[in-house]
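Here is a briefing on one protein model. Keep the sequence and the 3D view open as you read.

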Amino acid sequence: MTEQTPIVIVGTGLSGYSLVREFRKLDKETPVIMVTADDGVSYSKPMLSTGFTKDKDADGLAQANPEAMAEQLGVEIRPWSTVTGIDTDAHELKLGDQRIRYAKLVLAWGADVIRLSLDGNAQDRVHSINDLMDYRAFRKALAEGKRVAIMGAGLIGCEFANDLRNGGYEVDVIAPDSSLMPSLLPEAAAGAVQAELERLGVRFHLGTVVERVEKQGSGVELTLGNGEQLQADLVVSAVGLRPRTELAREAGIRSGRGIQVNRALETSAPDVFALGDCAEVDGRVLLYVLPLMACARALAKTLAGTRTEVSYGTMPVMVKTPCCPTAVCPPPMDAEGEWQVEQDGADVKALFRSPDGDTLGFAVTGRFALEKQTLAKEVPPIHR
Ligand code: FAD
């Protein structure tokens, strides 16, 4: 009897593990190999920015080790295995000198953090937190410190600011924009979140950037573009993510902002699929959990023999700033219309209305955040 060529999945983040979970509901037999550059521990990435609030360190956030996941899912998992290339003609994955043959290949290898090039000698005290191993290193480095400077006031920077304040740390946030989460929130909602974070003790330095980081004793001195100087024990960089496309491009797989796939999650190479933070699905790069779960459900069916297209519903994003509960459903990029804002202090309800009066998006903070589910029903799904 010849052995069946496996389905190979690269990545054991939420995308990889969600896909296998969905696939095993439909097919318990086909061999699956998962390879990952990291330790293969299963965890929920969104929880990384709630560690102090929920009183959990890296061990507390870990859900299962790869051995337990392999047994539970009936798959082989190879941790500490970095993919270095793909031979799409031979249907082979390259890991240095090693080759793994695949019947179908799924790229679920996530996004890289963007690293700013800063002057100064304290680069090694600048932490990016994009996985559990990063989080472990960050918590270890923070053990002695009390002051954290965060670069970036996007969703992740703001969530870490709130969480670190809840942990009793001094927090400075530095960002070039004039308001928080500019790509997600209209100004009124951003202002409400900022005011509540400030009330909690977060100090914002907006409209400027970090130019230099110098070691000062066991800490860091930051010099900002506006000439200001700040002291911190360590720096968190939360300036954005970039889908991992390099190896796909080298293999001739079409890529734009992400690895380009159609709604069936098919790349331009035969039998190669992509989902999650690395994928550009039907022109959209959405670095969130709801889209990857929808993709995992659709792709599991395809891999089990029924070609299925993903259909995105309405996808609100919850911002985990408990000092100012916030939910947002951004309108489509090219949507015509304007924000209509109702505000009572930190309670903001902003609706993005089309010229016909339809609600195309919303942002709600404070007590209005309770209305997120009702409002989500008014907003049309991404895929109609
Ligand atoms: P990843 O989790 O990054 O997994 C990538 C996998 O690929 C890893 O196993 C990695 O080791 C492996 N890999 C990479 N390169 C290689 C290689 N060359 N060879 C082998 N393996 C490789 N989204 C929400 O919807 N709501 C939230 O509240 C939310 N909060 C967040 C908070 C934080 C702090 C962060 C960082 C993100 C948050 N997100 C949130 C985003 C969400 O967590 C991500 O969209 C999601 O976890 C991405 O999962 P993924 O599996 O696609 O990628």
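Why does aspartate 271 count as partly exposed? Aspartate 271 has 14 other C-beta atoms within 10 Å, so it counts as partly exposed. A residue is called exposed at 12 or fewer such atoms and buried at 20 or more, and partly exposed lies in between. Keep in mind that this is a predicted model. The points below cover the domains, the ligand, one sheet and a few single residues.

**Domains**

- The protein chain is divided into domain 1 (7-111 + 243-303), domain 2 (115-237) and domain 3 (325-378).
- Domain 1 is written as two stretches, 7-111 and 243-303.
- Between the C-alpha centres of domain 1 and domain 3 there are 33 Å.
- An unreviewed UniProt entry lists residues 7-282 as "domain: FAD/NAD(P)-binding".
- In that span, residues 7-282, helix makes up 24% and strand 31%.
- The C-alpha atoms at the two ends of residues 7-282 are 23 Å apart.

**Around the ligand**

- The ligand is surrounded by 34 residues.
- The closest are Gly11, Gly13, Lys45, Gly110 and Gly276.
- Two elements, α1 (14-26) and α8 (289-303), give two or more residues each to this shell.
- By class, the shell holds 17 nonpolar, 11 polar and six charged residues.
- Where does the ligand lie with respect to domain 1 and domain 2? Both domains give residues to the shell, so the ligand lies between them.

**A sheet of three strands**

- Strands β15, β16 and β17 form an open sheet in the order β15-β16-β17, with antiparallel pairing.
- β15 (210-216) and β17 stand at the edges with a single partner strand each, so one side of each has no neighbour in the sheet.
- From one strand to the next, the twist averages 25°.
- In general, strands of a sheet pair through backbone hydrogen bonds, in a parallel or an antiparallel way.
- How many bridges join β16 and β17? Strand β16 (residues 219-224) and strand β17 (residues 229-232) pair over four bridges.
- Two facing pairs can be picked out here. Valine 220 is opposite alanine 232 in β17, and threonine 223 is opposite glutamine 229 in β17.
- β16 and β17 form a hairpin with four residues between the strands.
- In this hairpin, glycine 227 has a positive phi near 90°.

**Positive phi outside glycine**

- Aspartate 271 is not a glycine, yet its phi is positive, at about 65°.
- Aspartate 271 sits in the loop between β20 (259-261) and β21 (272-274).
- Histidine 91 also has a positive phi, near 55°, and is a residue other than glycine.
- The loop between β6 (85-87) and β7 (92-95) holds histidine 91.
- Is histidine 91 buried or exposed? Histidine 91 has 19 other C-beta atoms within 10 Å, so it counts as partly exposed.

**An exposed lysine**

- Lysine 140 belongs to helix α4 (residues 132-142).
- Lysine 140 counts as exposed because it has 11 C-beta neighbours inside 10 Å.
- Aspartate 57 and lysine 140 are 83 residues apart along the chain, and their C-alpha atoms are separated by 9.7 Å.

Key: Residues numbered from 1 in each chain as written. Predicted model: local features only at pLDDT ≥ 70, side-chain atom pairs only at ≥ 80, totals over all residues. Pairing = 2+ DSSP bridges. Axes fitted to C-alpha atoms, helices over the stretch in contact; angles between N-to-C directions. Near = placed C-beta within 6 Å. Nonpolar A, V, L, I, M, F, W, Y, C, P; charged D, E, K, R; others polar. Domains from an automatic or database assignment. UniProt positions renumbered as here; feature names shortened; annotations may be inferred.
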